[in-house]
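Q: Please take a close look at the largest cavity of this model. Which residues that line the largest cavity are the closest to its centre?

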Amino acid sequence: MADDEDFPSSSDVEEPEDADCYLSDQYDDNAENVLQYLEDGRQEDCNWSVSSVITRESLLAAQKEDLRKIMELLALSEQHARTLLIHYRWDVERIFELLDQKGKDKLFSEAGVTNLENKINHSLSSFNPFTCSICFEDVSCSVITEMECGHCYCNECWTEHFIVKINDGQSRRIRCMAPKCNAICDEAIVRSLVSARDPDIAERFERVLLESYIEDNDKVKWCPSVPHCGNAIRVMGDIYCEVECTCGMQFCFRCLSEAHSPCSCLMWELWVKKCQDESETVNWITVNTKPCPKCHKPVEKNGGCNLVACICGQAFCWLCGGATGRDHTWSTITGHSCGRFKEDRVKRIESARRELDRYMHYHNRYKAHTDSLKQESNLKETILGKIAISENKDSRIKDYSWVMNGLNRLFRSRRVLSYSYPFAFYMFGDELFKDEMTPQETDLKQNLFEDQQQQLESNVEKLSMLLESDFQEFSDEEVMENMKHVINLSSVIDRLCKQMYLCIENELLYPLQRATHNIAPYKSKGPERASEHSSRFTKATNEDIDVQHGSAVNASGSPSPAKRLSQFQPSSSSDGKHGCSSTKRAKNEGSLDTPLFDLNMPAEVVDKSWT
Amino acid sequence: MITLLHDYQASRARLFKEYKEVQREKSADPDIQLVCDDSNIFKWTALIKGPSETPYEGGVFQLAFSIPEQYPLLPPQVRFLTKIFHPNVHFKTGEICLDILKNAWSPAWTLQSVCRAIIALMAHPEPDSPLNCDSGNLLRSGDIRGYYSMARMYTRLAAMPKKG
């Protein structure tokens with residue numbers, strides 16, 4: 001038995017410059033937060049991204065800043081600002097850019113915002129009785145409505161038109177009924193006319209407008225959890241990142257599928273499709289739909305010619321999937337000629353066999369690692385049991401956090417390893433980058449990559465073996481030995497993963513000339529947890545939001561904030577209704593007292609409150 | 001149910017008005033002859049004359065209108081009953097690809113104006129969005145003569161009274 005004083009604590013073993021977070025109990029929570037924060041390396045990362053959770057409750061507040069920016073700069077009403085933002089996908093910077101390039105008038109007319117200065121001023125009472133040119137009825141001028149574009153129809157026809165459009169899923173772009181009129185209808189008029197007829201549809205209209213901030217916005221996305229947790233995630237900065245929602249769902253922000261780095265989104269999409277060839281749904285979607293080139297929703301062709309229009313308004317060619325204009329004349333064909341025959345068909349048959357062998361090679365290894373990952377998840381239970389036994393043992397070692405840290409490292413690196421196989425399949429295959437690299441270059445790079453992959457693989461297997469050992473039966477010296485190995489291996493593996501990502505980013509993907517593939521940067525701690533609104537924020541901030549919230553609602557003339565919010569708030573008694581774990585519900589209920597998390601705060605402020 | 005009934009009545013009333021308008025201005029547009037089905041106001045047929053200086057000149061083409069209950073908020077479905085060789089008309093079914101019958105529909109259009117738009121489409125085909133690829137390809141490759149003679153042949157065969 002070694003000398004008492006010489007007994008090393010776990011914190012002595014770790015290398016200080018690595019700042020890896022293997023902490024013993026003696027550190028308090030605060031210090032741990034600071035260290036975790038440092039380890040995340042947000043400060044030194046150049047391609048940083050900060051994510052935050054938008055719940056149903058904070059959705060309204062989240063939109064306000066973007067709306068306010070546009071309203072102030074362009075002196076617009078809230079509804080016009082919303083129309084503009086919906087059209088330009090809530091990209092404020094792009095609107096500012098286009099304002100310079102195109103000028104105000106063009107910017108407005110393209111989005112369907114009516115320029116108020118051009119409005120023809122005539123009093124409605126001048127036509128009495130008024131003949132509505134939709135239903136051809138003579139009606140009194142008290143039941144007609146003139147839209148801002150100057151077109152005037154009876155309220156009955158307007159209401160019918162709105163309801164048809166809302167039911168058709170076009171709430172965000174209800175255009176005027178006049179032929180070729182591009183103007184978007186005044187949302188206040190839609191609201192009042194529709195709610196008089198059918199409050200349910202009016203409420204749906206309201207909700208769809210509100211959710212536009214998520215659905216028409218490249219920086220905000222719904223959490224893809226099933227059943228849906230009701231949250232959306234907003235990312236500031238680089239959108240190539242992997243995030244974790246407060247519901248525990250980890251996903252790639254870019255494509256919303258599971259976190260798949262170091263595969264790029266395209267590689268992962270191709271890989272998943274390849275792996276589930278037999279899946280009927282995917283088959284149906286690939287056969288019958290094409291993704292819209294603007295919003296990427298799958299679009300089904302329901303008749304008509306090959307010029308297809310997506311619900312988002314984008315027109316595209318059904319044959320090649322490329323975006324086109326809507327206008328075409330006899331002589332000028334907007335866009336493209338997609339009827340050209342590509343003659344690589346012939347060679348494909350010969351190489352099909354080789355290609356299949358190659359796929360099987362990578363798929364088997366990918367599968368082996370994902371299977372190991374599944375089995376190792378069971379290991380967690382076993383290890384917790386072993387720790388419990390060890391901690392009750394009469395021993396000098398009381399801290400077993402290194403086991404769990406090692407296990408988490410194992411999970412993360414196992415995941416990286418499994419995704420590195422589909423990556424290699426596409427990186428060094430012909431499918432994506434055939435023209436990018438010469439065969440010699442490919443060989444060279446493949447060797448470099450495979451060396452790194454092998455190194456990582458052997459270390460991961462070693463770690464897995466160490467963690468599976470029955471350390472609860474070991475003597476103290478053996479446990480110490482085991483602990484040292486686990487901690488050292490963990491930091492080696494972490495470094496290797498980082499190196500592999502750097503190699504992929506700098507040596508493999510960066511030199512590509514034609515294709516652009518981006519991957520989420522390596523995070524030593526796994527996908528970043530999105531910050532959620534919490535009681536840590538100061539009271540002043542909450543009051544601030546209350547004021548913003550109140551004033552905004554008044555401006556839009558909509559129902560009182562309390563009423564509006566209650567439509568989206570899950571009732572606190574219905575546990576599990578949203579399919580969330582009990583811990584998550586508890587957190588949410590706690591935070592309902594504090595009104596709203598201000599998503600408009602600059603990132604630094606949010607970060608500070610975490611430290 | 002109430003909404004449905006309401007739509008139904010609104011569309012019926014509007015179609016009735018259109019019917020009266022058509023009767024009143026029968027001579028206003030001699031190229032178009034709109035007829036409503038005797039027993040069903042949601043079924044219409046139209047006879048339109050092929051526009052002059054086109055391969056369709058001299059032909060009379062029959063259109064079938066099927067009107068949805070939510071008309072005029074939704075567009076009528078129109079197809080050619082007479083065979084026609086045109087890039088934007090399906091050769092077998094007679095389906096027409098015309099923006100105002102799809103997403104550019106406005107409730108202010110009438111059956112009469114739809115007919116006028118179809119006549120305009122006959123005079124100005126849009127070969128980039130073809131339903132009839134053979135016809136579209138002839139035009140896209142610049143073979144105006146080939147297109148013209150094919151269209152002319154089908155006009156003679158299908159849209160003109162048989163000689164003798």
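A: The answer goes from the cavities in general to the lining of one of them.

This is a predicted model, in which local features need pLDDT of at least 70, side-chain atom pairs count only at pLDDT 80 or more, and totals for chains, interfaces and linings use all residues; side-chain values use heavy atoms, without hydrogens and water. Residues are numbered from 1 along each chain as its sequence is written, with chains lettered from A and ligands numbered from 1 in the order of writing.

The structure holds 11 cavities of 30 Å³ or more, a cavity being a set of points, on a 1 Å grid over the protein atoms alone, where a 1.4 Å probe fits but cannot get out. The largest cavity has a volume of about 110 Å³, that is, the space filled by probe spheres set on its points, which are joined across faces, edges and corners.

This cavity is lined by 14 residues, each with an atom within 4 Å of a point. Closest to its centre are Ser171(A), Arg172(A), Ile184(A), Cys185(A) and Leu209(A).

Three elements of chain A, α4 (78–87), α8 (187–197) and α9 (199–215), each give two or more residues to the lining. Of these, α4(A) provides the largest share, with four residues. Such helices are DSSP runs (H or I, at least four residues), numbered from the N terminus.

By class, the lining comprises seven nonpolar, three polar and four charged residues. Here Ala, Val, Leu, Ile, Met, Phe, Trp, Tyr, Cys and Pro count as nonpolar, Asp, Glu, Lys and Arg as charged, and the others, Gly among them, as polar.

Key
On a 1 Å grid over the protein atoms alone, a cavity is a set of points where a 1.4 Å probe fits but cannot get out, and a pocket is an open set with protein on both sides within 12 Å along at least five of seven lines; lining residues have an atom within 4 Å of a point.
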